[in-house]
Amino acid sequence: MISKSSVENSTESNVAIEDDMPVQLENPYVREKQQCILCKLNIEPDYKNVRLLSQFQSRYTGRIYEKHITGLCEYKQKRVQEEITKAQCAGLMGFMSKKPEYVKDPQLFDPNHPFKPHPF
C-alpha cells in the first residue's frame, strides 16, 4: 500500500525536476535575414517606371550600378538591368545621363558607400 505522503513527495519531486529543466530560448545572436529593398517593398521593376530605374543608373556616366553597390538580390538586379535596357531602347531613358528632374529624387542607396566591398 502506498502512503499519501509518498505520493505527494513523488509529485513534488517530479515538479522540482521539471522546474530544473533548461528553458528553450531563441538564439539572440541570429541575424535578421537581409532582403533587398525591392523584395522588402514587393516592387517589380518595369521599363515604364523610369523614375525608379533611374535610381540604379549613374548620374554622370549613365552606367548601371552593380549589385554590390545597390544591395539588390541577384534576381532583382538582373531584372533591373533588363528593364533599364528596355527603357533605353524604347527611348524612355538616356544611355549616357539621367534626366535632370530625377537627380533630386531621394536615393535608395549611397553609391559612395557600397553595401559590400568591390569584389576586385
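Trainee: The side chain of Ser58 reaches the backbone nitrogen of which residue, and at what distance?
Mentor: The backbone nitrogen belongs to Tyr60, and the distance is 3.4 Å. This is a predicted model. The values are computed from it.

Trainee: What makes the meeting of the Ser58 and Thr61 side chains a polar contact?
Mentor: Here the two side chains come to 3.2 Å. The cut-off is a pair of N or O atoms within 3.5 Å. The value falls inside it, so the pair counts as a polar contact.

Trainee: Where does Ser58 lie?
Mentor: Look in the loop between helix 3 and helix 4 (67-70).

Trainee: Is Ser58 buried or exposed, and how do you know?
Mentor: Its relative accessibility is 9%. Buried means under 20%. Ser58 therefore counts as buried.

Trainee: Which residues does Ser58 touch, not counting residues up to four places away in sequence?
Mentor: Arg63 and Tyr65.

Trainee: How many aromatic pairs does the structure hold?
Mentor: It holds 2. In one of them, Phe56 pairs with Phe109.

Trainee: Why is the pair of Phe56 and Phe109 called stacked?
Mentor: Check the distance, then the angle. The ring centres are 5.7 Å apart, and pairing needs them within 6.5 Å. The planes stand at 25°. Stacked means under 30 degrees, so the name fits.

Trainee: What makes this a link between distant parts of the chain?
Mentor: Phe56 is in the loop between helix 3 and helix 4, while Phe109 is in the segment after helix 5 (74-89). They are 53 residues apart.

Trainee: Are Phe56 and Phe109 buried or exposed?
Mentor: Phe56 has a relative accessible area of 0%. Phe109 has 8%. The limit for buried is under 20%. Phe56 is therefore buried, and so is Phe109.

Trainee: Then why is the pair of Tyr65 and Phe109 called edge-to-face?
Mentor: Its centres are 5.5 Å apart, with 90° between the planes. Over 60 degrees is edge-to-face, so that is its class. Tyr65 sits in the loop between helix 3 and helix 4, 44 residues from Phe109. Both Tyr65 and Phe109 are buried.

Trainee: Which residues do ring pairs link into a cluster?
Mentor: Phe56, Tyr65 and Phe109.

Trainee: How many helices and strands does the chain have?
Mentor: It has 5 helices and 0 strands. Along the sequence that reads α-α-α-α-α. Of its 120 residues, 25% count as buried.

Trainee: What makes Glu83 buried?
Mentor: Glu83 belongs to helix 5. Its relative accessible area is 3%. That is under 20%, so Glu83 is buried. Leaving out residues up to four places away in sequence, Glu83 touches Pro45, Asp46, Tyr47 and Leu53.

Trainee: Is Leu52 buried or exposed?
Mentor: Leu52 lies in helix 3. Its relative accessibility is 14%. Again the limit is under 20%, so Leu52 counts as buried. Beyond its neighbours within four places in sequence, it contacts Leu38, Ile43 and Leu108.

Trainee: Which residues form a nonpolar patch on the surface?
Mentor: Ile37, Leu41 and Leu108 form it, with about 230 Å² of accessible area together. Leu41 is in the loop between helix 2 (37-40) and helix 3 (50-53).

Trainee: How do you know whether Leu41 is buried or exposed?
Mentor: Its relative accessible area is 53%. Exposed means over 50%, so Leu41 is exposed.

Trainee: What is the phi of Asn42?
Mentor: It is positive, about 55°, although Asn42 is not a glycine. Most residues other than glycine have a negative phi. Asn42 lies in the loop between helix 2 and helix 3. At 68% relative accessibility, it clears the over-50% mark and so counts as exposed.

Trainee: Where does Lys116 lie?
Mentor: In the segment after helix 5. Its relative accessibility is 54%. That is over 50%, so Lys116 counts as exposed.

Trainee: How far apart are Lys116 and Ile69 in sequence and in space?
Mentor: They are 47 residues apart in sequence, and 6.8 Å apart in space, C-alpha to C-alpha.

Definitions and conventions: Residues numbered from 1 in each chain as written. Predicted model: local features only at pLDDT ≥ 70, side-chain atom pairs only at ≥ 80, totals over all residues. Heavy atoms only, no water. Patch = residues over 30% accessible without salt bridge, like charges linked within 9 Å, V, L, I, M, F, W, Y side chains within 5 Å. Areas by Shrake-Rupley, 256 points an atom, 1.4 Å probe, with all protein chains shown as cover. Salt bridge = Lys/Arg side-chain N within 4 Å of Asp/Glu carboxyl O. Helix = DSSP H or I, 4+ residues; strand = E, 2+ residues; numbered from the N terminus. Buried < 20%, exposed > 50% of the residue type's maximum accessible area, 1.4 Å probe, protein only. Polar contact = N/O pair within 3.5 Å; in protein donor to acceptor, adjacent residues only side chain to side chain. Contact = heavy atoms within 4.5 Å. Phe/Tyr/Trp six-rings, centres within 6.5 Å; stacked < 30°, edge-to-face > 60°.
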